Amino acid sequence: MRAVGIVLFLVVLATAVATFARRWRVPAPSLLVLAGLGVALIPGVPALHIPPQAIALVVLPPLLYASAEELSLRDLRTVWKPVTILAFGLVFVSAAAVGFATVALTGLPPAMAFVLGAVLASTDPVAVTALGRRLALPGRVQVLVQAESLFNDATSLVLFKVAIGIAVATGGAVNLPAAGGEFLLLGGGGSLIGAAVAGLGWLIRRRTTDPVLETVIALITPYAAYLAAESAHTSGITSVVVAGVLLGRTGHRLTDAHIRLQLHAVYAVVVFILESVVFSIVGLELPSLVRGLPTGSDWWPLQALALAAVLIAVRVLSTLPLTRAVKPARGRLSWRVAGVVTWAGTRGVMPLAAALSIPLLASNGTALAGRPLVLVLTTAVVVFTLVVQGLSLAAVVNRSGLALEPEHTAREEAEARDTLDHAALDHVEQLAALEAMPEAVIDRVRRGLGARLDRSVDGPEHSTLDATYRELRRELISVQNAELRRLYDQHRISDTTRRTLQHDLDREEAALGPR
């Protein structure tokens, strides 16, 4: 019961923190980590011990799936080469660099240092997606950051499983052919199972018209992909990412507008709750892990800072040559793109969950040497990147000059709306010429589309009239809501009728846009 109470408290805390984060225009994950750290330092607060299996099974699949569904395959095709290099080459380079630095700085056994390198080698798609929602980056830069975080995460966790197998083996012997074969089995098997789950989900969803069933299917899909892959002893994370990318490409053709609105609303709530709890847990875990360190580990803060610096340096040197893929080939390589991609490479929940899953014992039954220090260093680096890089990421993007101006986005949306309205009006004229619709219906639709096009070109006066119209419609809907409640209170309509009419009124009000 105490664990349930702590989780509920984290949800309430996250709601308050998210409110202030939106008002202060700072990333909520960064404030959530600081809030969790502050709560953990309060005297009398019990230590929080979350089983890594709970994070890996309950929290990560829907968050990774939601991030994968948002990925634009159209833009991914333009940057697939740098994404592939970063998702594989940068992971191995980062793991090796962190491993060597860890041995030099901490004296950990090489096998455990390699485990730490594998844990910290990749960026976290959950953190990157949460931080990147506020940034108006060009499409190619945005998809490069997001795709790299998704695919290198899967690569690093496969590498982590290989590293754990080496670390727990007596003597820590390295069998490179066996490790390479295990890597291919985990990654390739997870990809195949993810594709199979996506295909099965597509077949089921295309035959489902009930919004509730559609929502349930969408919610259980990431869990099905994860459990199926893990049961087959492959990578569940890779399976979830592949399933999310494939279904995200075809999801708009599987459902109608109403179901899509419902799915979006449900997933927004689920993602908010899970992200809020998990980023708070990152801050809560650090003090209790520090208290569990053995004597002689007082230098861990400086060691964590040094490892974070190594990760940043490796990313800078690796991303700079790849900027030609997201910028014009003429001229010098862009430090601006490299800087943004580097600074967006925050660590988050995935490294923490992986570190917590490190076994307690080696294969010979002895305690696994260095495990407490690996946990502390991992959590400290995660906190550093989420707080320092997260809070300063917007400033880095603004200084880079890559951020799109709000006017650019608004103009693009307005032009797209006009294009859609013109296409609809042309279709109406074709129907009128064929006399395929009643003239009264044609005239009504023509007047509506014409009014929208006139408003887009006639300037501020029509914008003012449109705002007044929307305000009047909201007032009328409020009157209708009051009348609906009166009819229900007087037992003149059933609850089913009340819910149906209330839903219709809500849809009309939502169609008017934000106030």
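Colleague: Why is Gln303 called buried?

Modeller: Gln303 has a relative accessible area of 12%. Buried means under 20%, so Gln303 passes the test and is called buried. Keep in mind that this is a predicted model.

Colleague: Fine. Where does Gln303 lie, and how do you know which residues it is in contact with?

Modeller: Gln303 is part of helix α13, residues 300–319. For contact, heavy atoms have to come within 4.5 Å. If you skip the neighbours within four places in sequence, Gln303 is in contact with Leu105, Thr106, Leu373 and Leu377.

Colleague: What makes the side chain of Gln303 and the backbone oxygen of Leu105 a polar contact?

Modeller: The distance is 3.4 Å. The limit for a pair of N or O atoms is 3.5 Å, so the pair falls within it. There's also Thr102: its C-alpha is 8.1 Å from that of Gln303, although the two are 201 residues apart in sequence.

Colleague: Let's turn to the salt bridges. How many are there?

Modeller: The count is three.

Colleague: What makes Glu148 and Arg315 a salt bridge?

Modeller: Their closest N and O atoms are 2.8 Å apart. The rule asks for a side-chain nitrogen of Lys or Arg within 4 Å of a carboxyl oxygen of Asp or Glu, so this pair qualifies.

Colleague: And why do you say the pair ties parts together?

Modeller: Glu148 sits in helix α8 (residues 139–168) and Arg315 in helix α13, so the bridge ties together parts that are 167 residues apart in sequence.

Colleague: Are those two charged residues buried or exposed?

Modeller: Buried. Glu148 has a relative accessible area of 1%, and Arg315 comes in at 3%. The cut-off is under 20%, so Glu148 counts as buried, and so does Arg315.

Colleague: What about Arg205 and Glu214: how do you know they form a salt bridge?

Modeller: Again it's distance: the closest N and O atoms are 2.7 Å apart, and the rule is within 4 Å. Arg205 is buried, at 4% relative accessible area, and Glu214 is buried too, at 0%.

Colleague: Then why are Arg486 and Glu483 not called buried?

Modeller: Because Arg486 has 32% relative accessibility and Glu483 has 36%. Partly exposed covers the range between 20% and 50%, so that is the label for Arg486 and for Glu483. Their side chains still meet in a salt bridge, 2.4 Å from N to O. Both residues lie in helix α19 (residues 460–489), three residues apart, which is about one turn of the helix.

Colleague: Now for whole helices. Why is helix α15 called largely enclosed?

Modeller: Eight of its eight residues, 349–356, are buried, so the rest of the structure largely encloses α15. Among them are Val349, Met350, Pro351 and Leu352.

Colleague: And what makes helix α6 largely enclosed?

Modeller: Nine of the eleven residues in α6 (residues 110–120) are buried, so the same wording applies: it is largely enclosed by the rest of the structure. The buried ones include Ala111, Met112, Val115 and Leu120.

Colleague: Which residues touch the most other members of the largest nonpolar core?

Modeller: That core has 97 residues, and Ile55, Val115, Phe160 and Ile358 touch the most other members. Helix α12 (residues 257–291) gives the largest share of this core, 13 residues. Another core of 24 residues lies apart from it, with Leu71, Leu73, Ala147 and Val241 among its members. As for Val115, leaving out residues up to four places away in sequence, it touches Phe160, Ala163, Ile164, Ala167 and Ile358.

Colleague: What makes the nonpolar surface patch?

Modeller: Leu57, Val58 and Leu227 make it, with about 230 Å². Val58 is located in helix α3, residues 52–69.

Colleague: Why is Val58 called partly exposed?

Modeller: The relative accessible area of Val58 is 43%, so it is neither under 20% nor over 50%. A patch residue needs over 30%, so Val58 clears that bar as well.

Colleague: Last one, the chain as a whole. How many helices and strands does it have, and how many residues?

Modeller: The chain has 20 helices and zero strands. It has 515 residues, and 46% of them count as buried. Of the contacts between residues at least 6 apart in sequence, 80% join residues at least 24 apart.

How values were computed
Residues are numbered from 1 along each chain as its sequence is written. This is a predicted model: local features need pLDDT of at least 70, side-chain atom pairs count only at pLDDT 80 or more; totals for chains, interfaces and linings use all residues. Side-chain values use heavy atoms; hydrogens and water are left out. Helices (H or I, at least four residues) and strands (E, at least two) are DSSP runs, numbered from the N terminus. Buried means under 20% relative accessible area, exposed over 50%, partly exposed in between (1.4 Å probe, protein chains only). A polar contact is a pair of N or O atoms within 3.5 Å; within protein, one must be able to donate a hydrogen and the other to accept it, and residues adjacent in sequence count only if both atoms are side-chain atoms. Patches are made of residues with over 30% relative accessible area and no salt bridge: like charges are joined within 9 Å, nonpolar side chains (Val, Leu, Ile, Met, Phe, Trp, Tyr) within 5 Å. Accessible areas come from the Shrake-Rupley method with a 1.4 Å probe; for residues, only the protein chains shown count as cover. A nonpolar core is a set of buried Ala, Val, Leu, Ile, Met, Phe, Trp, Tyr and Cys residues joined through side-chain atoms within 4.5 Å.
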